[in-house]
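Hi,

Here is the structure I promised to pass on. Have a look at it first, and then read on for my notes on what turned up.

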Amino acid sequence: MAGRSGDVGADERWMGAALALAERGRGRTAPNPGVGCVIVKNGRVIGRGWTQPGGRPHAEAMALTQAGEEARGATAYTTLEPCAHGSARGPDCSGSLVAAGIGRTVIALGDPDPRTNGRGIARLREAGVEVVDGIRAAEARRSMAGFLTRRARGRPIVTLKLALSLDGCIAMADGESRWITGPEARAHGHLERARHEAILVGRGTLLADAPRLDVRLRGLEDRSPRKILLSLNPQSGWTSIPQPVNIASLAGVDHLLIEGGAQAASSFLRADLVDRLLLYRAPLLIGGGKPALGDIGLASLADAHGRWELTDARMLGRDRLEVYERASN
C-alpha cells in the first residue's frame, strides 16, 4: 500500500460508499469497468458517480460534475485508478481530477489497462495530489471481476447458476422443473440476470422450456441480458456459439451467466471455464430425477478437492443460496 495517511477508518468507509455505487453499473458498462466514485469535503459528500451504460461518462466525471467548484481541495474516492488516456468520448479522469483541484485521491485498485497502469497515479502525484491506494482492494477486485477476467484471460467471467433439490436434481425424470425453488430465490435469480450482459443455455433447455431469460423485476426490465445458445445450429433471435471456448469472442460481454441445462453446465465445468457458482438449494427430495451435472472430466476424487471456496451463504425464503468462487491456488 502506498501513500497511506489520514483516517484509515474514514477512508475505508467512504470507499465502501464508492464500491456500492459501482454495483449500479454492473453488467452495463462493458468493455469498460464498472467504477464508483465519491468526492468528500469536510466530512460531506459533494459528488457521486458510477460508470454509465456503455462505459461513459466515467464515474469520476459524473462525480466531478456534481461537485462543481467545491471539488477544489476535496478528497476523491475511486474504486479503480483514474484513467490516463483520453478518447473521443471524453477526457482522461486523472487529468480531470487535477484540473478540478482535487487535493487527495484514495484508490482501491490499480488499472491493468496498459494505457493507464500506474500512469494515472503518477500524473496525480506529479500535480501535487496526495494519493493513497490499496484501500479495500479485495472488494474492488471482486466488484470488477468481469473487466479483470477479460483483461487477464481474454474472456468474460462465468457464473453457473443451479436451482436444485437436496439430492442434487434440477428436474423430475420427465423434465418438470417449475418450480423447484420458491419466489424469493427466483427473484434473486432475476437480479443476477440484471447483473450480467449475457445469459447462456443449451439447446436441450431451449427445446424443452422455451425460456424467456428476461428480467422480470419491477424497474429492472430494461436490464434483460443478451441470449446466448450453446449449439452448433444457429437459432433466430439468439447468438449461437458451438463450444464453451467461444465465449472469448462475445463482444461487449464481461459477465456471462449460465442457466441451463445439465449438459451445458457440465461442458463449461469440463472446460474449466466456470469462475463462480450460484447454488439455490430447495428443501425437497426428488429421487430419480434429472441430475444437475453430467461428466465434468474428473479423473479422480482427489481432483475435485480444493477447487471452490464458499464466499456467501444466506436463506432466501425457504431456500438456501450458496455462492462459491474458484479457489486461488
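Let me start with a salt bridge: Arg153 pairs with Asp275, and their closest N and O atoms are 2.9 Å apart. This one ties together distant parts of the chain, since Arg153 sits in helix H6 while Asp275 is in the loop between helix H9 (262-270) and strand S12 (276-281), 122 residues away. Searching the whole structure turns up 25 salt bridges. Do keep in mind that this is a predicted model.

Now the overall layout. The domain assignment splits the chain into domain 1 (3-149) and domain 2 (155-326). In the contact, domain 1 takes part with 13 residues and domain 2 with 16 residues. Measure from C-alpha centre to C-alpha centre and the two domains are 33 Å apart.

How much area do domain 1 and domain 2 bury between them? The figure is about 1,200 Å², and 41% of that is on carbon and sulfur atoms. As you know, lost accessible area is a frequent way of giving the size of an interface.

On the polar side, three salt bridges are counted between domain 1 and domain 2. As for salt bridges in general, side chains of opposite charge can pair when their charged atoms come close. Elsewhere in my list is the salt bridge between the side chains of Arg195 and Glu23, at 2.8 Å from N to O. Six residue pairs are in polar contact across the interface of domain 1 and domain 2, counting pairs with both residues at pLDDT 80 or more.

Which helix gives the most to the side of domain 1 that touches domain 2? That would be helix H6 (residues 145-153), with four residues. By type, the residues on this side of domain 1 come out as five charged, four polar and four nonpolar.

Next, the annotation. The unreviewed UniProt entry lists a "binding site" made up of Ala163, Trp179, Thr205, Asp209, Gly261, Ala262, Gln263, Ala264, Ala265, Ser266 and Ser267. These positions cover 105 residues of sequence and are spread in space too, with up to 24.4 Å between C-alpha atoms. Of the listed residues, Ala163 is in strand S6 (residues 157-164), and Gly261 is in the loop between strand S11 (255-260) and H9.

Gly261 is also worth a look for its backbone: the peptide bond from Gly260 to Gly261 is cis, with omega near -5°. There is a cis peptide bond between Ala30 and Pro31 as well, where omega is about 10°. Pro31 belongs to the loop between helix H1 (8-22) and strand S1 (36-41).

One last backbone item is Arg136, whose phi is near 55°, a positive value in a residue other than glycine. You will find Arg136 in the loop between strand S5 (130-133) and helix H5 (137-143).

Cheers

Conventions
Residues are numbered from 1 along each chain as its sequence is written. This is a predicted model: local features need pLDDT of at least 70, side-chain atom pairs count only at pLDDT 80 or more; totals for chains, interfaces and linings use all residues. Side-chain values use heavy atoms; hydrogens and water are left out. Domain bounds come from an automatic or database domain assignment. Contact means heavy atoms within 4.5 Å. Buried area is the accessible area (1.4 Å probe) that two parts lose on being put together, summed over both. A salt bridge is a side-chain nitrogen of Lys or Arg within 4 Å of a carboxyl oxygen of Asp or Glu. A polar contact is a pair of N or O atoms within 3.5 Å; within protein, one must be able to donate a hydrogen and the other to accept it, and residues adjacent in sequence count only if both atoms are side-chain atoms. Helices (H or I, at least four residues) and strands (E, at least two) are DSSP runs, numbered from the N terminus. Ala, Val, Leu, Ile, Met, Phe, Trp, Tyr, Cys and Pro count as nonpolar, Asp, Glu, Lys and Arg as charged, and the others, Gly among them, as polar. UniProt positions are given in the numbering used here, feature names are shortened, and annotations may be inferred rather than shown by experiment.
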